Amino acid sequence: MLHARTNARRAMAIVLPKQHIFLLSHMRAYTSLFGHILGSNPEICGYYEMHIGYYGWKSLIRQKLLYFRREDPKPHFVYMFDKVLHNEHNVVLDILNSQGTKTIFCLRQPQEVIPSILRLYQGIDPSHPFNSESFATDYYIQRLIALETIAMSMAEEFFYLDANSIKYESDECLGKLSDWLGLKKELSPIYEVQRNTSRERYGDTSPRIGTGRITEDHSRYTNFNHEVELIKTAAFVYDRVRTTLIRKSASNCVVQ
């Protein structure tokens, strides 16, 4: 009987229309932390990257089918959440411009992102192309250019935040975002450790994400020896795209 009720709740969660939150960002921008904070709110289902694209209403149904295959729906959830960090996983403008969608953009500066990518992939797979500074920098630049193009094409308002504001301006960041999303319960810096927390392909695998709270990050990479031309180009693109996103967010933003 319990199994039947669980299946019925999942079926209803999949069939009934929901609103959607998309975090559009890039790797190593505290997106796993951010996803856990959102996914711990009783009105939001979803906390990890689904690794899928969104091309129409069928994709939104597919998201729920995949997510609720492993996770239980919350009793009174309003939003489905996903983060999209790679250009091969597109979210079409028809979805982003829907009144049922809330879009959040998040950037972290390249001086921290590039060495963080290199350190991550040294542990995952030393033969992976992301162990090359030039490859990691190209991914970062191309991703930021794509995010800028998306933002410039959007008709609906969106929210922008500097990635570091999640950690270092968390009260302002989570309070302002809670108001913008219209949540009954404000987002909290203390979050739930979920079923797939720290597992590969579900985001950050470091022990820090399993603490259940925002912690200080001492990995600011101030001593990393960047290739001068690479970091100069990445910093130029970052400054330009960040300026665009702040301007177009129309004050729906938190910057550090």
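**Group meeting talk: His20, helix H3 and the sheet**

Let me begin with a single pair: the side chains of His20 and Gln63 are joined by a polar contact of 3.2 Å, where a polar contact is a pair of N or O atoms within 3.5 Å, one of which, within protein, must be able to donate a hydrogen and the other to accept it, and where residues adjacent in sequence count only if both atoms are side-chain atoms. Before going on, I should say that this is a predicted model, in which local features need pLDDT of at least 70 and side-chain atom pairs count only at pLDDT 80 or more, while totals for chains, interfaces and linings use all residues. Residues are numbered from 1 along each chain as its sequence is written, and side-chain values use heavy atoms, with hydrogens and water left out.

His20 is found in strand S1; helices (H or I, at least four residues) and strands (E, at least two) are DSSP runs, numbered from the N terminus. His20 counts as buried because its relative accessibility is 4%, given that buried means under 20% relative accessible area, exposed over 50%, and partly exposed in between, with a 1.4 Å probe and protein chains only. Leaving aside residues up to four places away in sequence, His20 touches, among others, Leu60, Tyr79 and Gly100, contact meaning heavy atoms within 4.5 Å.

Turning to helix H3, its buried residues are Ser59, Leu60, Gln63, Lys64, Leu66 and Tyr67. Seen down the axis of H3, these buried residues fall within an arc of 165 degrees, so they line one face of the helix; the arc is that of the directions from the helix axis to the C-beta atoms. The face turned away from that buried side carries the exposed residues Trp57 and Lys58.

Lys64, in this same helix, which spans residues 57-67, deserves a closer look: what is the nearest side chain of opposite charge to it? That side chain is Asp82, 13 Å away, and Lys64 is buried yet has no salt bridge, a salt bridge being a side-chain nitrogen of Lys or Arg within 4 Å of a carboxyl oxygen of Asp or Glu. For charge, Lys and Arg count as positive and Asp and Glu as negative, whereas His and the chain ends are not counted. A polar atom of the Lys64 side chain does, however, lie 2.8 Å from the backbone oxygen of Leu16.

Now the sheet, which is open, has six strands in the order S2-S3-S1-S4-S5-S6, and shows parallel pairing, two strands being paired if DSSP finds at least two bridges between them. Its edge strands are S2 (44-45) and S6 (253-254), each of which pairs on one side only. Six of the six residues of strand S3 (residues 79-84) are buried, so S3 is largely enclosed by the rest of the structure. S1 (residues 19-24) pairs with S3 over six bridges, and within S3 the bridge partner of Phe22 is Asp82.

Finally, the salt bridges, which by this rule come to five. One of them joins Asp72 and Arg10 at 2.6 Å, N to O; Asp72 lies in the loop between H3 and S3 and Arg10 in helix H1 (residues 2-15), so the pair ties together parts that are 62 residues apart in sequence. Another joins Asp162 and Arg242 at 2.8 Å, N to O, and here Asp162 lies in strand S5 and Arg242 in helix H9 (residues 228-248), so this pair ties together parts that are 80 residues apart in sequence.
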